[in-house]
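Here is a short briefing on how the parts of one structure pack together. Keep the 3D view open as you read.

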Amino acid sequence: MGLFGTGWKRYGGCPRTEPVRKEKYNYALSQFEIFETLGTGTFGRVRLVRCMEEDSYYALKMVKKEYILKMDQLDHMCNEVRLLRILQHPFIVDLRAHFQDELRLYLLMELVIGGELYALLRNSGKLSNDRAKFYAAEVVLAFQYLHGMYIAYRGLKPENILIDINGNIKLCDFGFAKVVEERTFTNCGTPEYTAPEVINGLGHGRSVDWWGLGILIFEMTAGHPPFFDQSPFGVYEKILAGKFQVPPHVDDKASSILKKLIVRDRTKRLGCRDRGADELKAHSWFAKVNWDALYYEQVKAPYVPEIGAPNDTRHFDRYPDSEPGIEEPLDGKGQEKFHQFDTF
Ligand SMILES: Nc1ncnc2c1ncn2[C@@H]1O[C@H](COP(=O)(O)OP(=O)(O)OP(=O)(O)O)[C@@H](O)[C@H]1O
């Protein structure tokens with residue numbers, strides 16, 4: 001089914017699941033002052049930039065074309081842009097534009113200044129029950145929106161959850177997200193967050209997101225993931241064995257939702273049946289959450305990052321600069337492969 005095709009169905013009673021076509025601005029790298037690296041991933045580097053004409057700051061993801069072809073990542077990049085262009089949700093990072101030059105592809109995103117949830121977890125060890133619930137509830141709303149468009153996010157991990165200036169979350173990194181009717185078979189993601197149906201190669205759709213949420217709630221409340229080992233293989237073995245223990249300090253209702261989310265059989269996993277996200281929203285752990293107020297960002301966040309200036313990057317790790325070197329643009333045939341990037 002095409003993203004704008006017929007057959008839109010409401011999933012889990014999500015009231016505002018509609019694709020938007022966001023405005024397209026024409027930007028070029030020369031319009032920006034480029035500052036420090038905010039984060040790096042397998043495929044690129046995200047830097048703080050300032051658009052000189054607008055005097056506004058953004059996050060710019062820059063990925064070398066040569067690298068994209070070498071690593072066979074063109075589909076991955078196109079996928080991310082195609083999806084981010086149509087998504088508009090308070091808890092999903094906003095893509096403002098995408099453009100290219102001879103050397104790289106660029107994704108211009110709103111700047112999410114509070115850093116990664118990963119850093120919060122690393123600094124605090126574990127989070128309070130209320131704080132974990134607040135972030136988990138915002139993830140539920142983001143997933144409900146995505147699943148309503150038949151999009152599985154498939155990349156949940158604390159590194160991809162950013163904290164904005166008001167303390168709300170923004171999901172970033174849509175490289176693994178996929179439009180799924182039912183099942184899909186590509187492997188992706190991080191060992192500790194991988195669902196058993198992914199390891200088994202049985203195909204996976206939106207159910208992996210609810211598994212990922214279970215792992216995230218566990219990590220936030222317990223202070224460590226439920227399945228860990230020195231090697232990815234060891235992690236996978238433990239996931240398949242499916243045995244985990246919720247530490248005694250974890251709230252009883254949190255423990256109850258964990259036992260319903262970290263379930264090997266996806267047909268029995270919370271969120272994977274007809275009612276989708278509504279099943280989670282009805283769980284007693286979320287009993288006091290006012291979902292509408294949360295959506296409209298009217299709920300005070302339990303933690304608001306301290307920010308001194310619009311370009312204050314104190315909440316991000318420091319990264320060594322990329323190696324300067326002579327970069328050769330691709331030849332005409334190579335460049336042709338990227339023409340599609342302009343057509344989204
Ligand atoms: N809009 C943003 N505002 C601030 N920081 C951001 C933004 N987008 C990304 N980052 C930072 O850059 C990091 C890498 O971004 P992203 O995950 O999109 O890159 P990637 O190359 O696709 O990574 P991965 O290997 O996880 O697929 C994020 O974890 C985050 O720290």
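The points below cover a sheet, a helix lying across strands, and a pair of helices.

This is a predicted model: local features need pLDDT of at least 70, side-chain atom pairs count only at pLDDT 80 or more, and totals for chains, interfaces and linings use all residues. Residues are numbered from 1 along each chain as its sequence is written, and side-chain values use heavy atoms, leaving out hydrogens and water.

**The sheet**
- Five strands form an open sheet in the order 1-2-3-5-4, with antiparallel pairing.
- Strands are DSSP runs of E with at least two residues, and helices are runs of H or I with at least four, numbered from the N terminus.
- Two strands pair if DSSP finds at least two bridges between them.
- Strand 1 (32–40) and strand 4 (95–100) each have a single partner strand, so one side of each lacks a neighbour in the sheet.
- Strand 4 and strand 5 (residues 104–110) run antiparallel and are joined by five bridges.
- Q100 has L105 of strand 5 as its bridge partner.

**A helix across the strands**
- Helix 2 (residues 74–84) lies across strand 3 (56–64), strand 4 and strand 5.
- Helix 2 runs at about 30° to strand 5.
- Axes are lines fitted to C-alpha atoms, for helices over the stretch in contact (heavy atoms within 4.5 Å).
- Angles run from 0 to 180 degrees between N-to-C directions.

**The helix pair**
- The axes of helix 4 (residues 129–148) and helix 6 (residues 207–222) come within 10 Å and cross at roughly 170°.
- Helix 4 and helix 6 are therefore roughly antiparallel (over 145 degrees).
- Residues making the contact include F143 of helix 4 and W210 of helix 6.

Methods:
Angles under 35 degrees count as roughly parallel, over 145 as roughly antiparallel, 65 to 115 as roughly perpendicular and the rest as oblique.
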